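Got your viewer open? Here's a short tour, with something to select at each stop.

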Amino acid sequence: MADSGRWFKLWCSAINDPDLDNLDIADFGRWAKLGAYIKEHGTDGSVSLKEPSKTITTMLQLPTLKDVIICFERMRNVTVSSETNINVTYKITYANWLKYQGDFSTNRV
């Protein structure tokens, strides 16, 4: 059954990746959940968050958006940048998103 491309690829090599291996198991789970969240709510490997971001704080089992941002800053290949408009917004970006998450199967199908 087709899933309309609503998937997040978690490569088996993730368990041997030295950068991911340095995360504790809770943060590894948060890294994986972040990928699924970006796939669902982001664009091209990036998503913007602003206070209070209750959905993601609850999903990652962290009390505040500040705690979420601190967690993301510990992750290699995840970039956090702040943009100040009326509210402070954080842009969260996965490095190499298209390399690992792109759907290049169309030509084979």
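Before we click on anything, one term: a polar contact here is a pair of N or O atoms within 3.5 Å, where one must be able to donate a hydrogen and the other to accept it. Keep in mind, too, that you're looking at a predicted model.

Start with the whole thing in cartoon view. The protein has 5 helices and 3 strands, and from the N terminus on they run α-α-β-α-α-β-β-α. Of its 109 residues, 32% count as buried. Switch on the surface: about 7500 Å² is exposed, with carbon and sulfur atoms supplying 52% of that.

Next, select Ser46. You'll find Ser46 in strand 1, which covers residues 46–50. Is Ser46 buried or exposed? Its relative accessible area is 14%, under the 20% cut-off, so Ser46 counts as buried. Now show side chains and add Thr93: the side chains of Ser46 and Thr93 make a polar contact at 2.8 Å. Widen the selection to the rest of the company. Setting aside neighbours within four places in sequence, Ser46 is in contact with Ile38, Lys91, Ile92 and Thr93.

Last stop: the largest pocket, with a volume of about 390 Å³. Its lining has 19 residues, and those closest to the centre are Asp17, Leu20, Trp31, Asn77 and Tyr100. Color helix 1 (18–21) and helix 5 (97–101), the elements that give two or more residues to this lining. Helix 5 has the largest share, with 3 residues. Then color the lining by residue class: 11 are nonpolar, 4 polar and 4 charged.

Conventions: Residues numbered from 1 in each chain as written. Predicted model: local features only at pLDDT ≥ 70, side-chain atom pairs only at ≥ 80, totals over all residues. Heavy atoms only, no water. Helix = DSSP H or I, 4+ residues; strand = E, 2+ residues; numbered from the N terminus. Buried < 20%, exposed > 50% of the residue type's maximum accessible area, 1.4 Å probe, protein only. Contact = heavy atoms within 4.5 Å. 1 Å grid on protein atoms, 1.4 Å probe; cavity = no way out; pocket = protein on both sides within 12 Å on 5 of 7 lines; lining within 4 Å. Points joined across faces, edges and corners; volume = space filled by probe spheres on them. Nonpolar A, V, L, I, M, F, W, Y, C, P; charged D, E, K, R; others polar. Areas by Shrake-Rupley, 256 points an atom, 1.4 Å probe, with all protein chains shown as cover.
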